[in-house]
Amino acid sequence: ERNNTLTGLSPAAQWAESFFYATVFRTAGFSTYAPSLFSPVALLFTMVVMAIGASPMSTGGGIKTSSVAVAALTAFHIVRGRDEVEVRGRRLERGTIRQAFAIIGYVCLMTGVLCFLEPAMSLKDLLFETISATATVGSSMGVTASFGTAGKLCLILSMFIGRIGVLTFFTGITRDVEPKRYAYPYDTVLLT
């Protein structure tokens with residue numbers, strides 16, 4: 001952003017602004033510049049930082065740094081052809097892996113729903129709004145006011161689900177009361 005929104009600032013002020021934005025977009029939502037003015041690279045970085053958010057047990061939003069680490073480790077182990085995700089002599093539970101990917105899947109799903117409900121909006125704006133709502137950041141590209149009622153309700157739902165946790169929400173409304181006493185046999189599916 002040195003040649004865009006930070007033009008005219010001293011190098012020290014540019015570093016301070018950069019540090020400020022790298023911190024606030026993790027959860028606070030404060031802005032000295034509108035995100036819609038950011039360059040595409042800075043906007044992408046901002047969305048990634050918002051999506052990742054803070055670390056577990058903090059008050060920050062996002063999918064959490066641990067979920068990103070689990071997703072990256074899972075992808076690494078899949079590429080290497082391993083069935084289990086192993087880290088430092090321990091295996092990760094499948095529930096942990098599902099949780100990491102459920103959050104990412106939810107953001108993609110809700111962005112798709114908003115694309116359907118708000119066809120006049122750009123994908124970039126809708127993705128930013130969805131990530132900001134789900135990660136409970138509070139930043140906006142300035143387009144939310146022009147959303148229809150259904151689009152606004154989707155963002156409200158995303159804020160609520162993001163605050164209590166995607167998996168917690170869906171587990172709460174779909175959890176089976178009786179545990180299954182059987183298991184289906186494994187099957188393979190050709191993916192390539």
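This is a short talk on one protein model, from its overall layout down to its cysteines.

Good morning. First, a caution: the model is predicted.

Let's start with the whole chain. The protein has 192 residues, and 32% of them count as buried. Its C-alpha trace spans about 65 × 45 × 35 Å along the principal axes. Seven helices and two strands make up its secondary structure. In sequence order, the pattern reads α-α-α-β-β-α-α-α-α. You can trace that along the structure above.

Now pick out one helix, α6. It runs from 149 to 164. Does its length make sense? What span should its 16 residues have, at 1.5 Å a residue? The expected span is 22 Å. In the model, the end C-alpha atoms of α6 lie 23 Å apart, so the two values agree.

Next, look at which residues of α6 hide and which show. G151, C154, L155, S158 and I161 are buried. Where do these buried residues fall, seen down the axis of α6? They sit within an arc of 130 degrees, so they line one face of the helix. Turn to the other side of α6, and you find T149, L153 and I156 exposed. After the helix comes G165. Its phi is positive, near 110 degrees.

Keep G165 in mind. We meet this residue again in the largest pocket. That pocket has a volume of about 310 Å³. It is lined by 20 residues, and the closest to its centre are G62, K64, I103, G162 and G165. Which helices each supply at least two residues of the lining? They are α4 (94–117), α5 (123–134), α6 (149–164) and α7 (166–174). So much for where the lining comes from. By class, the lining has nine nonpolar residues, nine polar and two charged.

Last topic: cysteines. A disulfide is a covalent bond between the sulfur atoms of two cysteines. How many disulfides does the structure hold? Zero. Take C108. It is in no disulfide, and the nearest cysteine sulfur, that of C115, is 11 Å away. A disulfide needs the two sulfur atoms within 2.5 Å. C108 is also exposed, with a relative accessible area of 53%.

Now C154, back in α6. C154 is in no disulfide either. Its nearest cysteine sulfur is that of C115, 11 Å away. Is C154 buried or exposed? It has 13% relative accessibility. The cut-off for buried is under 20%, so C154 counts as buried.

That's my tour. Thank you.

Notes. Residues numbered from 1 in each chain as written. Predicted model: local features only at pLDDT ≥ 70, side-chain atom pairs only at ≥ 80, totals over all residues. Heavy atoms only, no water. Buried < 20%, exposed > 50% of the residue type's maximum accessible area, 1.4 Å probe, protein only. 1 Å grid on protein atoms, 1.4 Å probe; cavity = no way out; pocket = protein on both sides within 12 Å on 5 of 7 lines; lining within 4 Å. Points joined across faces, edges and corners; volume = space filled by probe spheres on them. Helix = DSSP H or I, 4+ residues; strand = E, 2+ residues; numbered from the N terminus. Nonpolar A, V, L, I, M, F, W, Y, C, P; charged D, E, K, R; others polar. Expected span 1.5 Å × (residues − 1). Arc of directions from axis to C-beta.
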